[in-house]
Each structure stands twice: as structure tokens, then as C-alpha cells.
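Biologist: I would like a close look at a single part of this model, namely chain B and the way its helices are put together. Please go slowly, and set that part beside its partner chain where this helps.

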Amino acid sequence: MSLRPLTWNLTGWLLAGSLLLALGGAAIGLLTVVERQRPAKVRAAELSYLPNGEYLKVAVLGYRQLAADVIWLQAVQHFGNREETTEGYLWAYHAADVVTDLDPKFVAVYQAAGAILGVWAGRPRESIALLTKGMRHNPEVWQLPFFVGYDYFYELHDPVMAAQYFRIASELPGSPAYLPKLAARMTVEAGDPDAALEFLQRLSQQLQDERLRESLAQRMKEVMVEKDIRYLEEGVRRFKARYGKLPVRLEDLVIRGIISQIPEEPLGGVYKLNAADGSVTSTGSRERLRAYRR
Amino acid sequence: MRQVVVIALNTFRENLRDKILYNLLFFALLLIGVPVLLADLTIMEHRKIVTDMGLAAINLVGVIIAVFVGIGLVSKEIERRTIYTIMARPIRRTQFILGKYLGLALTLLVNVSIMLPVYFGTLWVYRAPVHGALLQAIELIFIELLLVTALALFFSTFSTATLSATFTLALYVIGHLSTDLKGIAEKSESETVRMAMKAVYYLCPNLEVLNMKGQAAMGVSVAWSYQALASVYGLLYVALLISAACVVFQRRDF
């Protein structure tokens with residue numbers, strides 16, 4: 001293209017320049033205002049308006065994988081938003097469902113969304129639905145049944161179903177050697193804190209995300225509290241067997257030599273004895289783990 | 001002003017002669033045909049698909065016209081050398097650009113206005129709910145079309161038709177992704193990546209703020225203040241692009 005010599009005078013150029021600058025500045029300023037009107041949470045919820053993956057598949061022509069990547073990129077940005085409510089996580093499930101409809105071999109989505117829905121969101125049913133869908137399309141990936149096992153064991157308190165999935169996982173190539181033994185232990189000693197602790201430790205090693213691992217560390221502390229409470233209640237029982245009455249305080253167990261010391265409460269609370277019925281509670285956690293209330 | 005109107009009407013007539021409105025046939029076929037093809041779905045799904053498909057078609061057909069007619073607005077006149085006859089008349093170059101733009105904008109307006117009753121008619125036939133949110137979404141779609149037309153016109157003032165189409169389509173894609181790209185870049189370790197993405201975010205038009213199709217199809221409307229601000233944002237960007245196009249065109253040698 002050829003340019004002709006400047007025909008505008010300086011004032012003309014200055015005017016044109018300032019007009020462009022003013023319009024550009026106003027557009028950028030307004031963009032910030034418009035974006036603020038649409039907070040991140042609203043944008044996240046927009047993912048729940050995504051059409052069913054089966055139709056989207058047709059609409060995106062040959063670019064299924066690319067479309068799946070784009071939707072997933074949008075979704076992961078909102079994962080980890082701690083203010084998200086349990087209900088709010090439903091859109092996450094929907095987004096992951098759509099992404100895996102578009103690209104059923106996208107294993108990372110099953111793993112990440114499955115773990116987040118189970119560990120964080122308290123939506124084990126959705127987590128299991130997504131993970132078993134992943135198992136149908138990717139029967140060779142052992143981590144998927146392993147996570148289903150977690151949901152059944154820890155979130156739904158069904159060690160029998162959990163063991164079943166651990167067994168499936170243990171038979172897949174690349175699965176860790178400890179898995180069959182762990183599965184057996186968890187079936188036989190359902191509700192045993194030691195087995196649960198070992199399992200949570202192994203699961204934590206499978207997770208890449210630091211925050212998910214933090215959540216699991218918290219779960220482990222809760223299991224340790226349960227373990228301590230069982231230890232102390234066993235002490236109370238032995239005290240009653242020996243002296244024919246309940247101790248007044250937990251310290252009595254140490255004074256009478258029944259236990260060597262009162263364990264430190266890992267959540268930062270203290271253990272208290274209910275002198276009326278001999279049960280032990282922790283001030284650190286409001287209720288005992290559901291898994292052991294049977 | 002009279003010159004602008006004359007050029008605009010002339011561009012509109014030219015578009016009609018080019019049989020651009022034939023796209024409406026394609027639009028109607030799509031709206032009527034696809035739900036028939038998907039006849040084995042439940043009624044609820046039918047309604048959702050008709051609603052989604054209509055909004056998407058209005059948007060897509062409009063963008064195709066905006067890009068491929070938009071890039072020819074100026075370059076065609078130059079190729080056919082009709083620009084010389086126009087420039088020989090008492091018409092300023094800014095008036096020419098403005099008139100060309102408004103002509104295509106009018107074509108798009110007529111196009112969308114014909115699509116609208118066809119769309120609502122189809123919704124009515126399928127007993128799909130017609131709500132205000134759909135109108136909001138279509139208004140924002142129209143603003144997006146105006147913006148895309150301005151982009152195409154701007155590029156066509158200084159580059160070839162093929163390159164202009166490539167640039168416009170590239171900006172259209174970036175415009176729909178820039179918010180997400182900025183979000184991803186914010187988590188990046190590298191300061192350069194963060195700065196570069198910020199620049200892309202602020203410089204490229206953000207078309208995602210004009211996209212309400214998903215929620216409108218579910219019957220969820222947006223606040224009027226948002227609607228207004230988003231529209232003003234789109235129009236400001238249009239003004240910026242048209243002004244830039246005028247400045248560039250002013251310097252071209254004929």
C-alpha cells in the first residue's frame with residue numbers, strides 16, 4: 001500500500017490522536033466496570049448453562065478435543081474457589097460431564113473433578129458417576145476405580161463397595177503393589193482407623209494438587225483424633241474393670257498407670273471425659289467421624 | 001451527513017443485489033430442519049435445542065456476513081477502481097468510511113430483524129418459552145456484529161481481503177477467550193507472560209461480555225445496567241475502530 005504525504009496539519013493529527021486515545025481509554029475503563037458487574041462466581045455458574053455434551057459434540061464439528069480443552073480451561077479456573085457452596089459445585093460436575101462427553105479419553109478431567117467433588121465438595125454420588133463413566137471409557141487407568149474406592153470408603157462409609165473397587169484397581173497395569181493388601185485389610189477391619197490412615201496417606205501421594213493434599217491431611221488428623229478417642233475409651237473401660245467406677249478426669253488414667261500419657265490432640269483441641277457415661281470427646285472436632293458411628 | 005446516508009443506502013442496495021439476504025433461507029432451513037432431524041428426543045430437549053440453535057444461528061450467520069462482506073467494503077471499491085469516481089466527488093474520506101460501515105450495519109439490522117420473528121415463530125411452534133432474556137441476548141449479539149464489522153472494515157483499509165479476514169477471525173476468537181486467557185496467565189510464574197496477557201486482554205475487544213446466549217436460553221436475564229454498560233462498551237470500541245479506519249484511510253494514496 002502506498003501512503004500519500006501528510007495532508008493534515010499538526011492540529012489535525014493531534015486531534016485524531018487524542019480522539020483515538022480517548023476512545024481507547026474509555027473502552028478499557030468500561031471493560032473493567034463491565035467485568036466487575038459479572039463477578040467470577042457468576043461466570044463460573046455460566047458453565048452450568050452449557051448444553052448437553054451429546055449435542056455439543058455435533059455443534060463443534062471436528063474440534064471436539066479442542067472444545068473440551070477450552071471448556072476445561074474455563075472450569076479449572078473456578079475449581080479451588082473455597083467460597084463455593086456444595087450446591088455450587090453441581091456446575092463443576094456438569095462442566096466435567098460435558099467435557100468428558102466431548103473427549104471421553106480426557107483422563108485428567110475424571111481424576112481432578114472426581115477428587116474435587118469427593119474430597120472438597122461433599123458430593124460423592126456425582127464424583128462416583130463421573131469416575132465410573134471414566135472407567136467405562138478408560139478401563140486401563142487404575143486411578144479411577146481407586147478414587148471411586150475413596151468415595152465409597154470415606155464419604156459413603158461403605159467399605160464393602162470400596163474394597164470391590166480397590167480390587168478392580170489392583171488388577172490394572174501399573175497399580176501399586178500395596179493395593180491388594182490394603183483392600184483386604186479394609187474389608188476385614190472396616191472402620192479401623194489404622195487402615196484408614198494408611199489409605200489416606202497412599203491416596204495423598206496420588207494427588208498433585210497441594211490444596212487437595214491439605215484437605216486430606218485434615219482428614220488424617222480427624223482419623224487420628226478417632227484413634228486417640230478409642231485408645232482413651234479403652235483406658236476408661238480398663239479403669240472401670242479394675243476399680244468398679246468411672247474415672248473423674250482423664251488424668252486419673254495416667255495417675256493410676258493405666259495409660260502412659262494423654263495423647264496430644266492433633267486438631268489443636270483437648271480430650272474431655274464425660275464423667276456420666278465414660279465417653280471421651282475432643283474439643284477440636286465437633287462430632288466423631290461418621291464412619292465410626294455404627 | 002447527506003453524503004454519508006447516500007453511501008450507506010447505496011452499500012445496503014449493493015448488499016441486496018449481492019443476494020446476501022439469501023442466508024435467511026439457510027437460517028430458516030436450519031431452524032426448521034434440525035429439530036425434525038432430532039425427532040427422537042424428548043419434548044424438553046427439543047425446546048432447548050431450538051432455542052440454542054436459533055441464537056447460535058443468528059450469531060453465526062451475522063458474524064459470517066460481517067466478516068466476509070465487511071472486508072470487501074473498501075477493498076472491492078479499490079479493486080474495481082470505483083473509488084476514483086467516488087473520491088472525485090465532494091465526499092470526504094471519513095464520510096465514505098462511515099457510510100460504508102453504516103450501510104453494512106443496516107444490512108445486518110434488516111437481517112436480524114427478519115430472523116427475529118422467524119425465530120420466535122419457531123419457538124412458538126415448538127411451545128418453547130419466549131422470554132425477555134432472549135431479546136437481551138439478541139441485542140448483545142447485534143452489538144457484537146457491529147463490532148466485528150468495524151474490525152473487518154478497519155483491517156480492510158490497509159491490508160488485502162484475505163489478510164483482513166484472517167485478522168478479523170483471529171480477533172473474534174481471541175475476543176471470546178481473552179478473559180479466560182488472562183485468568184490463566186495470572187497464575188503464571190513469569191512476569192512477562194502476565195504482562196503480555198494483560199496487554200492482549202485490554203487491547204483486544206472482549207466479546208465474551210456480549211455473549212449471553214447460554215443463560216438467555218435458560219430464561220435467565222441480565223441486569224439492565226449490565227446490558228447497557230456492555231452495549232456502550234461495544235459501541236465505544238466500534239467508534240475507536242471506525243476512527244482508526246478513518247485515520248488510516250486518510251493517508252492512503254489513490
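Modeller: What follows goes from the make-up of chain B to its core, then to a helix pair, a buried residue and two loops, and ends with chain A.

This is a predicted model, and chain B in it has 11 helices and zero strands. Read from the N terminus, the elements of chain B run α-α-α-α-α-α-α-α-α-α-α. Of the 254 residues of chain B, 41% count as buried. If we take the contacts in chain B between residues at least 6 apart in sequence, 84% of them join residues at least 24 apart.

The buried interior is a good place to begin. The largest nonpolar core holds 74 residues, and within it B:Ala150 and B:Leu241 are the ones that touch the most other members. Helix 7 of chain B, which covers residues 132–156, gives this core its largest share, 17 residues. When residues up to four places away in sequence are not counted, B:Ala150 touches B:Tyr101, B:Val238, B:Leu241 and B:Ile242. There is also a second, separate core of 52 residues, and among its members are A:Ala68, A:Trp72, A:Val76 and A:Ala96.

We can now turn to a pair of helices. Two packed helices are described by the angle between their axes and the distance between the axes. In chain B, helix 6 (residues 93–125) and helix 11 (residues 224–250) have axes that come within 9 Å and cross at roughly 135°. At that angle, helix 6 of chain B and helix 11 of chain B are therefore oblique to each other. The crossing in which helix 6 of chain B passes helix 11 of chain B is right-handed. On one side of this contact, helix 6 of chain B brings B:Arg93, B:Thr94, B:Ile97, B:Leu98 and B:Tyr101, and these meet B:Ile242, B:Ala245, B:Cys246, B:Phe249 and B:Gln250 in helix 11 of chain B. Sorted by class, the contact between these two helices has seven nonpolar, two polar and one charged residues. Two residues listed here, B:Tyr101 and B:Ile242, are also touched by B:Ala150.

A single buried residue can be followed in a similar way. B:Val63 lies in helix 3 of chain B, which spans residues 43–70. B:Val63 counts as buried because 22 C-beta neighbours lie inside 10 Å, and the cut-off for being buried is 20 or more. Leaving aside its neighbours within four places in sequence, B:Val63 is in contact with B:Leu145, B:Val148 and B:Tyr172. B:Val63 and B:Leu169 are 106 residues apart along the chain, yet their C-alpha atoms are separated by 9.2 Å.

The loops deserve some attention as well. Most residues other than glycine have a negative phi. B:Arg81, however, has a positive phi of about 60° although it is not a glycine. B:Arg81 sits in the loop between helix 4 (72–79) and helix 5 (82–88) of chain B, and with 9 C-beta neighbours inside 10 Å it counts as exposed. B:Arg127 likewise has a positive phi, near 60°, in a residue other than glycine. The loop that holds B:Arg127 runs between helix 6 and helix 7 of chain B, and B:Arg127 counts as exposed with 10 C-beta neighbours inside 10 Å.

Finally, we come to the partner chain. Chain A has 13 helices and two strands, and buried residues make up 32% of its 294 residues. Among contacts in chain A between residues at least 6 apart in sequence, 55% join residues at least 24 apart. The contact between the chains takes 28 residues from chain A and 30 residues from chain B. On the side of chain A that touches chain B, helix 1 (10–37) and helix 4 (64–78) of chain A each supply at least two residues. Helix 1 of chain A gives the largest share of that side, 14 residues. By class, the side of chain A that touches chain B has 19 nonpolar, five polar and four charged residues.

Methods
Residues numbered from 1 in each chain as written. Chains lettered and ligands numbered in written order. Predicted model: local features only at pLDDT ≥ 70, side-chain atom pairs only at ≥ 80, totals over all residues. Core = buried A, V, L, I, M, F, W, Y, C linked by C-beta atoms within 7 Å. Buried ≥ 20, exposed ≤ 12 C-beta atoms within 10 Å, placed from the backbone. Helix = DSSP H or I, 4+ residues; strand = E, 2+ residues; numbered from the N terminus. Contact = placed C-beta atoms within 7 Å. Axes fitted to C-alpha atoms, helices over the stretch in contact; angles between N-to-C directions. Parallel < 35°, antiparallel > 145°, perpendicular 65-115°, else oblique. Left-handed = near helix turned anticlockwise from the far one by under 90°. Nonpolar A, V, L, I, M, F, W, Y, C, P; charged D, E, K, R; others polar.
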